[in-house]
Amino acid sequence: MDPLHNTQSGMPASEAAAEARRLIDDWASKPVRHHPTSFRDHTEPPVYGDAPPVPQPDHRIVPAWAAGIAVASIGVGAGVTGIGCGAWLVLQGLASVTLNSVLMVTLPFAGLAMAATAIGGAISKARAPVTKTVYEGPVTHHTEIHNNSTTRGAFFARTRNEIR
């Protein structure tokens with residue numbers, strides 16, 4: 001069926017125009033429903049309030065002294081391994097060298113490194129300041145963010161962010 005070459009007699013043009021006008025007027029008489037998609041509160045927040053400040057204690061998963069000891073232990077272990085490998089290479093040419101003799105030669109170095117790590121960790125923990133913040137007076141918050149982006153070259157880019 002071809003809608004452009006319709007052979008059936010349909011509605012006369014005057015009735016079609018009247019029906020179209022009636023449908024358009026019916027649609028236009030209904031109110032348009034607006035659904036807000038966002039909301040912005042334009043009231044200025046107070047600079048400071050009368051609520052007391054809330055202490056915000058510092059809770060970390062791993063204490064700083066423990067992380068420092070872990071890093072120092074890794075460094076000492078790598079150093080002792082290097083010393084042990086060096087001793088093994090130097091003593092490799094000697095036919096009488098056994099694994100037990102290499103271990104006995106490097107054992108004092110490992111003991112000294114372990115003792116130095118323990119002493120350094122104890123000193124670091126003893127020197128760590130204990131901070132306790134005392135909140136007094138009104139608290140104000142002011143932050144300005146400046147973002148300066150500079151791109152140089154085709155392969156490397158440098159982005160510098162200053163937060164004050």
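## Salt bridges within helix H1

Arg-21 and Asp-25 lie 4 residues apart in helix H1, a spacing that places about one helical turn between them. In this predicted model, the two side chains form a salt bridge, and the closest N and O atoms are 3.5 Å apart. Both partners remain in part accessible: Arg-21 is partly exposed, with a relative accessible area of 48%, and Asp-25 is likewise partly exposed, with a relative accessible area of 40%.

A salt bridge also links Glu-19 with Arg-22, where the closest N and O atoms are 2.6 Å apart. These residues are 3 residues apart in helix H1, and here again the separation is about one helical turn. Glu-19 counts as partly exposed at 31% relative accessibility, while Arg-22, at 44% relative accessibility, falls into the partly exposed class as well. The count of salt bridges comes to 2.

## Confidence along the chain

The protein chain has an average pLDDT of 79, and 77% of its residues score at least 70. Helix H1, which spans residues 13-29, has the highest mean pLDDT among the elements of the chain, at 92. The lowest mean pLDDT among these elements, 59, belongs to strand S2, which covers residues 158-163.

## A nonpolar surface patch

Ile-83, Val-105 and Phe-109 together form a nonpolar patch on the surface, and their combined accessible area is about 250 Å². One of these residues, Val-105, is placed in helix H3, which runs over residues 99-127.

Val-105 has a relative accessible area of 40% and is therefore classed as partly exposed. Since membership of a patch requires over 30% relative accessible area, the value of 40% for Val-105 satisfies that part of the rule.

## Aromatic rings and a charged neighbour

With regard to contacts between aromatic rings, the structure holds 0 aromatic pairs. An aromatic ring does, however, take part in an arrangement with a charged side chain: the charged end of Lys-125 sits over the ring of Trp-65, at a distance of 4.4 Å from the centre of that ring.

Notes
Residues numbered from 1 in each chain as written. Predicted model: local features only at pLDDT ≥ 70, side-chain atom pairs only at ≥ 80, totals over all residues. Heavy atoms only, no water. Patch = residues over 30% accessible without salt bridge, like charges linked within 9 Å, V, L, I, M, F, W, Y side chains within 5 Å. Areas by Shrake-Rupley, 256 points an atom, 1.4 Å probe, with all protein chains shown as cover. Salt bridge = Lys/Arg side-chain N within 4 Å of Asp/Glu carboxyl O. Helix = DSSP H or I, 4+ residues; strand = E, 2+ residues; numbered from the N terminus. Buried < 20%, exposed > 50% of the residue type's maximum accessible area, 1.4 Å probe, protein only. pLDDT = per-residue confidence, 0-100. Phe/Tyr/Trp six-rings, centres within 6.5 Å; stacked < 30°, edge-to-face > 60°. Lys NZ or Arg CZ within 6 Å of the ring centre and 35° of its normal.
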